[in-house]
Amino acid sequence: STMKMRAGWFGRAPPPPPPPPPLIDSALDNWSTILATALLMILVRLWWSSRQQRLREAAAEEKLVAARRELASRGTFELEDLSAYVGRDKGPILMAVGGNVYDVTAGREFYGVDGCYSALAGKDATRLLAKGILEPESADAAADPLTRSELDSLRDWEEHYEFKYERIGTLVACAAALDGTHDGWQCVLDPQTAETVRVIEERSGLGADAIAAMLQLDVAAVRATLEAVQWSEDPEDVLVY
């Protein structure tokens, strides 16, 4: 009986192999692997792009800081120099007010290429600010001196820029010496203009560069006038511009 049991046990057919996994489950596993790999590749690509962007921004910022440092070391600027600094390609932004040159790069959202005050960037904005306009003046309007109220408005703007932005230099209308000559002609204003300059300087406290920019006079002539002109006995008779 024992032999029969053993024979019967050994004679049994082996158990059937487990059934293969369903095709759907296998396909899902494959797709999961593919999706996980694709997601990993996307994340790596995003990280790399972000890193490259940060490196580019850091390089641009370093270049901007160097450019602003170089500009701040110049001290004086010709009017045509300013036109190159209007914030293109995230570069520096300069403007002049009352004979002083300001670095307004920190206000790029206002003075940059698409800013609401972009018309003031890269130029002498003295008269535009005094008059409260953004469009360039006509030739006739530009020939008129500023009024008293416009001068008061200009002083407010000068205080604003002095407080908010860095003054990096002065605007030089011409490279004239203060020896009374300029390009072969005498640096002398006519008497009425000279008195007007004197009254503006006395009442507003503005310097020669600012007055020359406002009245569109030769800066050397204004400086010479403030230093050497003989005033009339009653300067109050002069119209204050």
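**A buried aspartate, the largest pocket and helix α9**

At 2% relative accessibility, D103 falls under the 20% cut-off and therefore counts as buried. The model described here is a predicted one. D103 belongs to strand β3, which covers residues 100–103. The side chain of this aspartate forms a polar contact with the side chain of R68, at 2.8 Å. Beyond its neighbours within four places in sequence, D103 is in contact with R68, I93, L94, Y165, E166 and I168. R68 thus appears both as the polar partner of D103 and in its list of contacts.

Attention turns next to the largest pocket. This pocket holds about 500 Å³ of space. Its lining is made up of 25 residues, and those closest to the centre are L79, D124, R127, A213 and Q216. Four elements each give two or more residues to this lining, namely α3 (79–82), α5 (126–131), β4 (166–172) and α9 (208–215). By residue class, the lining comprises 13 nonpolar, 8 charged and 4 polar residues. Domain 2 (75–180) and domain 3 (186–231) each supply at least three residues to the lining.

Among the residues closest to the pocket centre, R127 can be followed in some detail. R127 sits in helix α5. With a relative accessible area of 6%, R127 is under the 20% limit and so is classed as buried. Setting aside residues up to four places away in sequence, R127 touches E137, A141, A142, D144, P145, L146, A213, M214 and Q216. One of these partners, P145, is 18 residues from R127 in sequence, and the two C-alpha atoms are 9.4 Å apart in space. Two others, A213 and Q216, are also listed with R127 among the residues closest to the centre of the pocket.

Helix α9 offers a useful view of the other side of these contacts. Of the 8 residues in α9, 8 are buried, so the helix is largely enclosed by the rest of the structure. The buried residues are A208, D209, A210, I211, A212, A213, M214 and L215. Of these, A213 and M214 are touched by R127. Q216 comes after α9 and has a positive phi, near 55°. Q216 is likewise in contact with R127.

Taken together, these details link α5 and α9 around the pocket: both elements contribute to its lining, and R127 of α5 touches A213 and M214, which are buried residues of α9.

Note on methods:
Residues numbered from 1 in each chain as written. Predicted model: local features only at pLDDT ≥ 70, side-chain atom pairs only at ≥ 80, totals over all residues. Heavy atoms only, no water. Buried < 20%, exposed > 50% of the residue type's maximum accessible area, 1.4 Å probe, protein only. Polar contact = N/O pair within 3.5 Å; in protein donor to acceptor, adjacent residues only side chain to side chain. Contact = heavy atoms within 4.5 Å. 1 Å grid on protein atoms, 1.4 Å probe; cavity = no way out; pocket = protein on both sides within 12 Å on 5 of 7 lines; lining within 4 Å. Points joined across faces, edges and corners; volume = space filled by probe spheres on them. Nonpolar A, V, L, I, M, F, W, Y, C, P; charged D, E, K, R; others polar. Domains from an automatic or database assignment.
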